[in-house]
Amino acid sequence: MNDLDKYYKILELEPGATLEEVNQAYKDLAFIWHPDRIPKDNIRLQQKAQDKLKEINEARDRLRSFQPKPLTTAKQKQPQSPHQSHSQSPHQSHSQSPHQSHSQSPHQSHSQSPHQSHSQSPHQSHSQSPHQSHSQSQKQNADLSGKDMSQADLSEKDLSGRNLSRANLTGANLKDAFLHKTNLNGANLFKADLFRANLLQADLREANLREANLIGADLSGADLRGADLRGAKVGSSGRIFVKLVGANLAGTIMPDGTIHD
């Protein structure tokens, strides 16, 4: 088994899986094996989770770095060699007169080609624009504070570390979303579906979580000071199915309306 096959196997994928499949497999496994989901007193499982997370991180990084290379090489070769060397040169050499071939060709070959190779838009659009647009979109989307995302479908999305303070997420679908260390300070999550969402160490101070579905959500280490959980779904048959290990609940309005002291 070569290295690539090994990395695909670590992410539980078939060889040749797409970059999108690689990213999704990584998010699924990171959600399952994150050490913060394991009880701190279980040293054996903590170590296993850390080793597993390191393994899937390496697999994702290696497969990400591998996949773009053949695509970039193909794009570079196609516009240059086939069209310029094989389709243009024969027409010039056979159709131009002797005078043209001696007097014009040198100027064309030496003065035009450099300008074309450095200033043509096809090369710029393939090599520069994606990087520029990607970095620009990251800057534009990094801060989502105050953004209206009511009723948005964000299931299984990775929003870890993002700034969503005061964002309107009323009725949003956040099932299995990855919200590790996300800033949701003052966010409106009224009736949001956070089923099995990963909210590890998230900032939920003063957040509106009224009537939200929190069943299966992991709020370990989250800051819930002053958050409003009235009417939130946290379990069934008297059993709580929300993980709150190490969460700060000072001043939190609990589902039954009582204030946690």
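Leu19, Val22, Asn23, Tyr26, Leu29, Ala30 and Trp33 of helix α2 meet Lys48, Ala49, Lys52, Leu53, Ile56, Asn57, Arg60, Leu63 and Arg64 of helix α3, where contact means heavy atoms within 4.5 Å. By class, the contact of α2 with α3 has 10 nonpolar, 2 polar and 4 charged residues. Here Ala, Val, Leu, Ile, Met, Phe, Trp, Tyr, Cys and Pro count as nonpolar, Asp, Glu, Lys and Arg as charged, and the others, Gly among them, as polar.

Please keep in mind that this is a predicted model, in which local features need pLDDT of at least 70 and side-chain atom pairs count only at pLDDT 80 or more, while totals for chains, interfaces and linings use all residues. Residues are numbered from 1 along each chain as its sequence is written, and side-chain values use heavy atoms, with hydrogens and water left out.

**The chain as a whole**

- The protein chain has 8 helices and 2 strands; helices (H or I, at least four residues) and strands (E, at least two) are DSSP runs, numbered from the N terminus.
- Along the sequence, the elements of the protein chain follow the pattern α-α-α-α-α-α-α-α-β-β.
- The protein chain has 261 residues, and 30% of them count as buried; buried means under 20% relative accessible area, exposed over 50%, and partly exposed in between, with a 1.4 Å probe and protein chains only.
- About 16,100 Å² of the protein chain is exposed, and carbon and sulfur atoms supply 50% of that area; accessible areas come from the Shrake-Rupley method with a 1.4 Å probe, and for residues only the protein chains shown count as cover.
- Among contacts in the protein chain with a separation of 6 or more, 26% are between residues 24 or more positions apart.

**How α2 and α3 pack**

- Two packed helices are described by the angle between their axes and the distance between the axes.
- The axes of helix α2 (residues 19-33) and helix α3 (residues 43-66) come within 10 Å and cross at roughly 170°; axes are lines fitted to C-alpha atoms, for helices over the stretch in contact, and angles run from 0 to 180 degrees between N-to-C directions.
- Helices α2 and α3 are therefore roughly antiparallel to each other, a label for angles over 145 degrees, whereas those under 35 count as roughly parallel, 65 to 115 as roughly perpendicular and the rest as oblique.
- Leu45 lies in helix α3 and, at 26% relative accessibility, counts as partly exposed.
- The C-alpha atoms of Leu45 and Trp33 are 9.6 Å apart, with their positions 12 residues apart along the chain.

**Nonpolar cores**

- The largest nonpolar core has 35 residues, and Leu174, Leu194, Leu199, Leu204, Leu209 and Leu224 have the most contacts inside it; such a core is a set of buried Ala, Val, Leu, Ile, Met, Phe, Trp, Tyr and Cys residues joined through side-chain atoms within 4.5 Å.
- A second, separate core has 15 residues, including Tyr8, Ala30, Leu53 and Ala59.
- Leu174 sits in the loop between α8 and β1 and is buried at 2% relative accessibility.
- Beyond four places in sequence, Leu174 touches Leu154, Ser155, Leu159, Leu189, Asp193, Leu194, Phe195 and Ala197.
- Leu174 and Phe195, 21 residues apart in sequence, have C-alpha atoms 7.1 Å apart.
- With neighbours within four places set aside, Leu199 is in contact with Leu179, Leu184, Leu194, Ala217, Asp218, Leu219, Ser220 and Ala222.

**More residues in the loop between α8 and β1**

- Ser220 is in the loop between α8 (129-142) and β1 (235-236) and is buried, with a relative accessible area of 6%.
- Not counting residues up to four places away, Ser220 touches Asp36, Leu199, Leu200, Gln201, Lys243, Leu244 and Val245.
- Arg196 is in this loop and is partly exposed at 39% relative accessibility.
- Outside the four places on either side in sequence, Arg196 touches Phe31, Asp176, Ile215, Gly216 and Ala217.
- Gln151 also belongs to this loop and is exposed, with a relative accessible area of 59%.
- Gln151 is in contact with Thr170, Gly171 and Ala172, leaving aside neighbours within four places.

**Backbone angles to check**

- Most residues other than glycine have a negative phi.
- Lys181, in the loop between α8 and β1, is not a glycine yet has a positive phi of about 60°.
- Gln201 has a positive phi near 55° and is partly exposed at 37% relative accessibility.
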